[in-house]
Amino acid sequence: MRRLFVAGNWKMNTTLASAQKLAGEVVVGVAGITELVDVAVCPPFPHLLPVSQSLANSRVMLGAQNAHFENAGAYTGEVSIDMLVDVGCRWVIIGHSERRQFFGETDSQINLKVLAAFQRNVDVIFCVGEALDDRNSGRTESVLSSQLKLGLANVRIEQLEKLVIAYEPVWAIGTGVTASPEQAEGTHRFIRDWLAARFDRVSADAIRIQYGGSVKPDNAKQLLSLPNVDGALVGGASLMSNQFLGIIHAAADLARLSGE
Ligand code: PEP
């Protein structure tokens, strides 16, 4: 079993005070279980530094929700990977469907971001996922193949240890609808086989593929127990410590069971 990885995407939520409080509650709530499961939180940019201070001396990792691919320069409103590293980020989410949908991020921009993060030694949660129309018309696999092919262009096999894929069907994000276990497992297997064909089987088998889309404590165990689901990228439920911790504890229970 690959080591499960649960990451919280806080999106454009939290105040400075609530971000620090939430991070503090996560730190306390995961005591003892970060031995079993990887955990990260991804606050909005202005809260990265204070949250990184709240996470100090814990194994909860810090991630950002986006970054620019250039290192510095005249890019008003943007934040570089080096800036993220400076404030303690180990992870960056790249290619989230909200970035693609609302900010027009293209596959080639996403690819430049992935490459820039790897170059600066930052780990990437690379998001892919199909819209409802795509799924209903049988285009899921072609959409995912295209996102993977373009987003991972020029990625070298030795960089894969810094890559996590998040499969997030757009129709399941923030909707309360989750992919069925069959849909999730089938799609994750498709992604892993695609990775094996593009890189090699051993590397593909080592890559963690998170599921994202309305993961809650009451559906986490079922989803995380699927053979090709290696964690969760959690939006709404990551904003409430009891819910986020419920998902992390479900992951820890599965890790314990698999170690027995
Ligand atoms: C997300 O935005 O990455 C996400 C999975 O959101 P939610 O859990 O709210 O569906």
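Colleague: What makes the pair formed by the side chain of K11 and an oxygen atom of the ligand a polar contact?

Modeller: Happy to explain, with the reminder that this is a predicted model. An N or O atom in the side chain of K11 is 2.5 Å from that ligand oxygen. A polar contact is a pair of N or O atoms within 3.5 Å, so this pair qualifies.

Colleague: How do you know that the backbone of G174 and of S214 makes polar contacts with the ligand too?

Modeller: The reasoning carries over nicely. A polar backbone atom of G174 is 2.6 Å from an oxygen atom of the ligand, and for S214 a backbone N or O atom lies 2.7 Å from a ligand oxygen. Both values are within 3.5 Å, so both pairs count. As for cover, the ligand on its own has 290 Å² of accessible area, and the protein covers 97% of that.

Colleague: Which residues are the closest to the ligand, and how many surround it?

Modeller: The ligand is surrounded by 14 residues, with K11, H96, E168, G174 and S214 the closest. By class, that shell holds 8 polar, 4 nonpolar and 2 charged residues.

Colleague: Why does the radius of gyration of the chain agree with a compact globule?

Modeller: For 260 residues, a compact globule would have a value near 18 Å; the chain has 17 Å, so the two agree. Along the principal axes, its C-alpha atoms fill a box of roughly 50 × 45 × 35 Å.

Colleague: What does "buried" mean when you say that 53% of the 260 residues are buried?

Modeller: The cut-off is under 20% relative accessible area, and 53% of the residues of the chain meet it.

Definitions and conventions: Residues are numbered from 1 along each chain as its sequence is written. This is a predicted model: local features need pLDDT of at least 70, side-chain atom pairs count only at pLDDT 80 or more; totals for chains, interfaces and linings use all residues. Side-chain values use heavy atoms; hydrogens and water are left out. A residue is near a molecule or strand if one of its heavy atoms lies within 4 Å of it. A polar contact is a pair of N or O atoms within 3.5 Å; within protein, one must be able to donate a hydrogen and the other to accept it, and residues adjacent in sequence count only if both atoms are side-chain atoms. Accessible areas come from the Shrake-Rupley method with a 1.4 Å probe; for residues, only the protein chains shown count as cover. Ala, Val, Leu, Ile, Met, Phe, Trp, Tyr, Cys and Pro count as nonpolar, Asp, Glu, Lys and Arg as charged, and the others, Gly among them, as polar. The radius of gyration is taken over C-alpha atoms; the globule rule is 2.2 Å times the number of residues to the power 0.38. Buried means under 20% relative accessible area, exposed over 50%, partly exposed in between (1.4 Å probe, protein chains only).
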